Amino acid sequence: MPRRLGLRRRPGRDHALELDELSISWNSIDTTASITGWEWFELTPAWSSADERLEPFIGQKLRGVALLECRPSRRDVAAGTLAVEFVFDAGRFHIANALDENSIEVNEAHPEWVRHPLGCGTQPD
C-alpha cells in the first residue's frame, strides 16, 4: 500500500494526530519503478514487499465495501476515524490510518468499529 512519504512541518502542529488521511490505490502504482526525488534526503524511500495476508484475495470477486467508523467504549484519540472494508468470498480485510502508514487488518473488524455498508460489489454466483 502506498505510504505518504513527506510531512509539511508547521510550528506548533502535531502531525502524529493526523488521523483523517488514507491512501488506497488499486492496480495503479508501478512498484517496480524506483522512487525518485529523494536524493537530497539521508534515507531513500522504497516500496514494501507484497503483504502475504492479502494473497487469499487475489483473483476473488469483490462482494462488498463498507466504511468502518471507530466508536470506542472509552475516550480514545481514534474515535470517529474511518477505515475501508473490502469483502470477498475468501474473507474480508480493512485498511485504516495507522498514523505514519496505512494498516491492514484481515478478518472481522474489532467490535468498536461500526460498519456502514456502501452497497457496492457483486452478489455471490
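Hi everyone. Let's start from the outside: the chain has an accessible surface of about 9200 Å², and 52% of that belongs to carbon and sulfur atoms. Please keep in mind that this is a predicted model.

What about the inside? Of the 125 residues in the chain, 27% are buried. As for contacts, take those between residues at least 6 apart in sequence: 58% of them join residues at least 24 apart.

Now the secondary structure. How many helices and how many strands does the chain have? The count comes to zero helices and five strands. Reading from the N terminus, you meet β-β-β-β-β.

Let's see how some of these strands pair, taking S1 as our guide. Strand S1 covers residues 62-70, and seven bridges join S1 to strand S2, residues 82-88. These two run antiparallel. If you'd like one pair to find on the screen, look for Leu-67, whose bridge partner in S2 is Val-84. S1 is also joined to strand S5, residues 113-117, by five bridges, and that pairing is antiparallel too. Here you can look for Glu-69, which stands opposite Val-114 in S5. A handy thing to remember while you turn the picture: in a regular strand, side chains alternate between the two faces of the sheet.

Next, let's zoom in on a single residue, His-94, which sits in strand S3. Is His-94 buried or exposed? His-94 has a relative accessible area of 4%, and because that is under the 20% cut-off, it counts as buried. Who are its contacts? Leaving aside residues up to four places away in sequence, His-94 touches Leu-68, Ala-83, Val-84, Glu-85, Ser-103, Ile-104, Glu-105, Ala-109 and Trp-113. You'll recognise Val-84 there, the bridge partner of Leu-67.

Last stop: empty space. Rolling a probe the size of a water molecule over the atoms shows where such space is left. I'd like to show you the second largest pocket, which holds about 250 Å³ of space. Its lining has 16 residues, and those nearest the centre are Cys-70, Ala-78, Thr-81, Asn-97 and Trp-113. Which elements give two or more residues to this lining? They are strand S3 (91-97) and strand S4 (102-106). S3 gives the most, with three residues. By type, the lining residues divide into eight nonpolar, five polar and three charged.

One name to take along is Trp-113: this residue touches His-94 and also lies among those nearest the centre of the second largest pocket. Thanks for listening!

Technical notes
Residues are numbered from 1 along each chain as its sequence is written. This is a predicted model: local features need pLDDT of at least 70, side-chain atom pairs count only at pLDDT 80 or more; totals for chains, interfaces and linings use all residues. Side-chain values use heavy atoms; hydrogens and water are left out. On a 1 Å grid over the protein atoms alone, a cavity is a set of points where a 1.4 Å probe fits but cannot get out, and a pocket is an open set with protein on both sides within 12 Å along at least five of seven lines; lining residues have an atom within 4 Å of a point. Grid points are joined across faces, edges and corners, and a volume is the space filled by probe spheres set on the points. Helices (H or I, at least four residues) and strands (E, at least two) are DSSP runs, numbered from the N terminus. Ala, Val, Leu, Ile, Met, Phe, Trp, Tyr, Cys and Pro count as nonpolar, Asp, Glu, Lys and Arg as charged, and the others, Gly among them, as polar. Two strands pair if DSSP finds at least two bridges between them. Buried means under 20% relative accessible area, exposed over 50%, partly exposed in between (1.4 Å probe, protein chains only). Contact means heavy atoms within 4.5 Å. Accessible areas come from the Shrake-Rupley method with a 1.4 Å probe; for residues, only the protein chains shown count as cover.
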